[in-house]
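Student: Please give me a close look at one loop residue of this model, and then place that part in the rest of the chain.

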Amino acid sequence: MFLTLDIKEAGYSIDEPVLKDIQFSVGPGELVGLIGPNGAGKSTTIKSILGVVNQVRGDIQVNEYAYIPERPIFYDGLTLWEHIDFLLSTLQTDEDSFTQRAKRLLDLFQLSRVTHDFPESFSKGMQQKVMLILALLKKPDLHIIDEPFMGLDPRAIKDLLQMIDNEKERGAGILMSTHALDTAEKICDRFLLISKGRLVAQGTLGDLRRESGLNQGSLLDCFDVLTMGEPNVR
Ligand SMILES: Nc1ncnc2c1ncn2[C@@H]1O[C@H](COP(=O)(O)OP(=O)(O)OP(=O)(O)O)[C@@H](O)[C@H]1O
């Protein structure tokens with residue numbers, strides 16, 4: 001497994017846990033969708049894995065990962081190419097092949113023209129593409145992707161889906177939070193459904209259908225049934 005998570009409680013203060021009793025894992029070549037309503041605890045789950053939630057009771061084992069946040073983050077004063085160069089300096093990899101891969105990806109995502117510009121000046125979609133390129137260049141065991149489809153044009157979404165396929169084929173695991181349930185239904189191997197800080201269901205679409213009693217239900221239908229009337233953590 002590339003990620004094994006067993007959270008008893010996690011949150012931003014000791015007396016008010018946001019998450020309770022969440023257990024799951026992500027293995028090689030698996031795309032796991034983290035879904036749930038607004039405020040359910042998806043980002044808090046991801047932040048617990050990243051180690052930036054200060055109150056976590058439980059155990060989280062994670063291999064080397066790349067994180068693509070919902071809102072792209074860049075280093076002040078570094079151009080796009082300098083971000084790539086900086087990443088290279090943190091990796092033990094062959095410089096020539098790394099540079100070639102970087103150029104190919106910049107081409108693919110149509111960012112070759114702006115390699116010497118500052119990512120802060122890019123559109124949201126272009127910034128998202130930069131984060132994707134940096135994650136791909138790292139070749140991690142696990143990708144953790146927070147709501148990747150927002151702000152991407154249809155062509156970029158197609159490229160992203162292709163990238164996800166390629167990464168799975170390479171053997172990487174992917175944990176992806178999203179509200180795009182139509183897309184998630186088509187591409188995810190398994191789902192983690194979080195509601196009000198608890199893992200209310202996990203498994204394949206077939207498992208979620210069985211659990212919700214909707215034999216032919218879409219992911220959205222199952223989501224609706226399974227997130228109704230969940231008790232609050234607090
Ligand atoms: N930094 C923080 N400090 C205190 N509480 C927080 C913080 N971030 C999130 N929360 C609370 O934790 C709960 C879960 O929020 P979280 O951001 O994990 O939800 P989410 O499932 O990612 O939602 P969304 O789909 O809206 O992004 C919410 O009640 C939220 O108010």
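Tutor: Helices (H or I, at least four residues) and strands (E, at least two) are DSSP runs, numbered from the N terminus. The model is predicted, so local features need pLDDT of at least 70 and side-chain atom pairs count only at pLDDT 80 or more, while totals for chains, interfaces and linings use all residues. Residues are numbered from 1 along each chain as its sequence is written.

With that settled, the residue to look at is P28, which sits in the loop between β2 (17-26) and β3. P28 counts as partly exposed because it has 14 C-beta neighbours inside 10 Å (20 or more would make a residue buried and 12 or fewer exposed, with C-beta atoms placed from the backbone). Although P28 and A172 are 144 residues apart in sequence, their C-alpha atoms are 5.3 Å apart in space. Leaving aside residues up to four places away in sequence, P28 touches F2, G171 and G173, where contact means C-beta atoms, placed from the backbone, within 7 Å.

The strand β3 (31-35), which follows that loop, is also part of what covers the buried residues of α8, together with elements including α6 (181-187), β8 (190-195), β9 (198-203) and α7 (205-212). The buried residues of helix α8 (residues 219-226) are L219, C222, F223 and L226. Seen down the axis of α8, these buried residues fall within an arc of 105 degrees, so they line one face of the helix (the arc is that of the directions from the helix axis to the C-beta atoms).

On a wider view, the protein chain is divided into domain 1 (1-64 + 140-234) and domain 2 (75-135), with bounds from an automatic or database domain assignment. The C-alpha centres of domain 1 and domain 2 lie 27 Å apart, and eight residues of domain 1 are in contact with eight residues of domain 2. On the side of domain 1 that touches domain 2, helix α5 (residues 154-170) supplies the largest share, four residues.

There is also a ligand, and the residues around the ligand are Y12, V18, G36, N38, G39, A40, G41, K42, S43 and T44, each counted as near if its C-beta atom, placed from the backbone, lies within 6 Å. Helix α1 (residues 42-50) contributes the largest share of this shell, three residues.

Definitions and conventions
Two residues are in contact if their C-beta atoms, placed from the backbone, lie within 7 Å.
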